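User: Please take a close look at one helix of your choice. I would like to know how it sits among its neighbours, and then how that fits the whole chain.

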Amino acid sequence: MSPFLVIDRKTDYLLPPSVDDWLSQDHLARFLVEVVDQLDLSKLTRQYAGRGSKAYHPATLLAILVYGYATGIFSSRKLERATYDSVAFRYIAAGSHPDHDSLATFRRRFLDELSALFLQVLELAKEMKLLQLGNVCLDGTKIKANASRHSALSHGHIEKREVQLKAEVQELFALAEQADQTEVPDGVSLPDVAAEEIQRREDRLAAMAAAKAKMAARAEERYQREQAEYDERMTRRAAKEEATGKKLGGQPPKVPEPGARDSDQINLTDEESRIMPVAGGGFEQAYNAQAGVDAATMLVVAVGVTQAPNDKEQVEPMLATLKAQAEVLGPVKNLIADSGFCSEKNILACQAAGIVPVIAVARDEHHPDWRQRHSEPAPLPEKTTPVQALSHRLKTKAGRALYALRKQTVEPVFGIIKSVMGFRQFSLRGLKKVTAEWTLVCLAWNLKRMAKLRPQ
């Protein structure tokens, strides 16, 4: 008798198999289908006219997409293949096999509805007693755009290349004219070759001209913004000088200059992405993805994407999002962020929103004296600036304990999204589309997290 189990792949089932028997009861795919079935998808279903062949239900396509992002499968072609190869995807698709075109079209078509679905999932988490807002940790991470940084051109480089290309066009015209007057071997047509090369260069010049026009528009927007900031600073400076009766020391604010700069860049593949410094050194064509994470549950409660490489201007948009969601999710007590978000304007914005800012004023020392962790600072003087008051709060034991939540909350979320879920590059292009895709990624993360937090 053989000591091994008999494996028989040829005997048919006596009864039809059920995919419901192929997954464990606590499998993520089961939980995801249960959640999607509870969502209000009426805005999606109303957009189907009912003409032509029957379409796959939005609940099925949404569940396939979300489970794909949750498990590191982002390509629509790979998702289609997974409905054949993966038991979990077979369970979600109920044995059907939506083609990649249907999945890609669905993702593009309903980008605007993803933010509402994201909020519905958070509302469901609150109903399940999994979410109770209090402390929100805010941070940003650079995610590579669907474009190469080698496709980027600077304004200064464009101007140099234009001179070179125009000179080459003139040279090719001259060569073509000379070829008409000289004998060449049979089968060789120098005018045709020159015409092809001229056309290539003229197409390139046209693309560069369009890129320069877009750079000029960006430069004008930047100038208007910088001019407004300059006027505001000069007004505050004049008010302080009038109040004190003394001329302020130091360098006055620099007057902004109009026009494009040589260092201004644009990417010909995804013009809305930017070259940004990334962790570990170097630069990438990327977007700056923002997330506000609930400290108690590690659920992402607010998302955003910006083209700015720094985080200084991202507090107010996040506060607006949290305020809009407060009626559904509840109010936020503390906003915790690193020094990249610190500015007097952001501190005042938090206070105006009724939220206590816990934002690092400067980088912490890696090895502080042990006495600092067990002592309280001296009482705060009566007349202090908002930044001084915040710095004092962070030196207290309560303030240090709150700020310590940041590293154990939002940074692990980014690490899992990038390293475990494998999302390191956007599939879509353009700020609006990548914002929707980032929302989809965070929606997938929230469902994975809710599946772990739910009572077994």
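Analyst: Start with a word you will need throughout: a residue is buried when its relative accessible area is under 20%, exposed when that area is over 50%, and partly exposed in between (1.4 Å probe, protein chains only). The model is predicted, so local features need pLDDT of at least 70 and side-chain atom pairs count only at pLDDT 80 or more, while totals for chains, interfaces and linings use all residues. Residues are numbered from 1 along each chain as its sequence is written, and side-chain values use heavy atoms, with hydrogens and water left out.

My choice is α10, which covers residues 315-329. Its name follows a simple scheme: helices (H or I, at least four residues) and strands (E, at least two) are DSSP runs numbered from the N terminus.

Look at the line of the helix. α10 has a kink of about 30°, and K323 is at its centre. The bend at a residue is the angle between two fitted axes, one for the seven residues ending there and one for the seven starting there. Just after the helix comes G330, with a positive phi near 100°.

Which residues of α10 are buried? They are V315, M318, L319, L322, Q325 and L329. Here a general rule helps. An α-helix has 3.6 residues a turn, so residues three or four places apart point the same way.

Now the surroundings. The buried residues of α10 pack against two helices, α7 (114-127) and α11 (344-352). They also pack against the strands β1 (135-144), β5 (283-294), β6 (300-306) and β7 (334-337). Contact here means heavy atoms within 4.5 Å.

Take α11. Two packed helices are described by the angle between their axes and the distance between the axes. The axes of α10 and α11 cross at roughly 10° and come within 9 Å. These axes are lines fitted to C-alpha atoms, for helices over the stretch in contact, and the angles run from 0 to 180 degrees between N-to-C directions. The two helices are therefore roughly parallel to each other. The cut-offs are these: under 35 degrees is roughly parallel, over 145 roughly antiparallel, 65 to 115 roughly perpendicular, and the rest oblique.

On the α10 side, V315, E316 and L319 make the contact. On the α11 side, K345, N346, A349 and C350 make it. By class, that gives four nonpolar, one polar and two charged residues. Ala, Val, Leu, Ile, Met, Phe, Trp, Tyr, Cys and Pro count as nonpolar, Asp, Glu, Lys and Arg as charged, and the others, Gly among them, as polar.

Next comes α7. E123 belongs to this helix. It is partly exposed, at 35% relative accessible area. Leaving aside its neighbours within four places in sequence, E123 touches V328 and L329. Compare its separation from Q325: 202 residues in sequence, but 9.6 Å in space, C-alpha to C-alpha.

Past α7, follow the loop to β1. K129 is in that loop. Its phi is near 65°, a positive value in a residue other than glycine. K129 counts as exposed, at 76% relative accessibility.

The loop between β5 and β6 holds M298. M298 has a positive phi of about 65° although it is not a glycine. Its relative accessibility is 15%, so M298 counts as buried. T297 is in the loop between β5 and β6 too. It is buried as well, at 9%. Setting aside neighbours within four places in sequence, T297 is in contact with L130, L131, R449 and L453.

For contrast, try another helix pair. Helix α3 (residues 58-70) and helix α15 (residues 431-453) pack at about 80°, with axes 8 Å apart. That makes α3 roughly perpendicular to α15. This contact has eight nonpolar, no polar and two charged residues.

Finally, step back to the whole chain. It has 15 helices and eight strands. The radius of gyration, taken over C-alpha atoms, is 29 Å, well over the 23 Å from the globule rule for 456 residues, so the chain is more spread out than a compact globule. That rule is 2.2 Å times the number of residues to the power 0.38. The C-alpha atoms fill a box of roughly 90 × 85 × 55 Å along the principal axes. Of the 456 residues, 39% count as buried. Among contacts between residues at least 6 apart in sequence, 72% join residues at least 24 apart.
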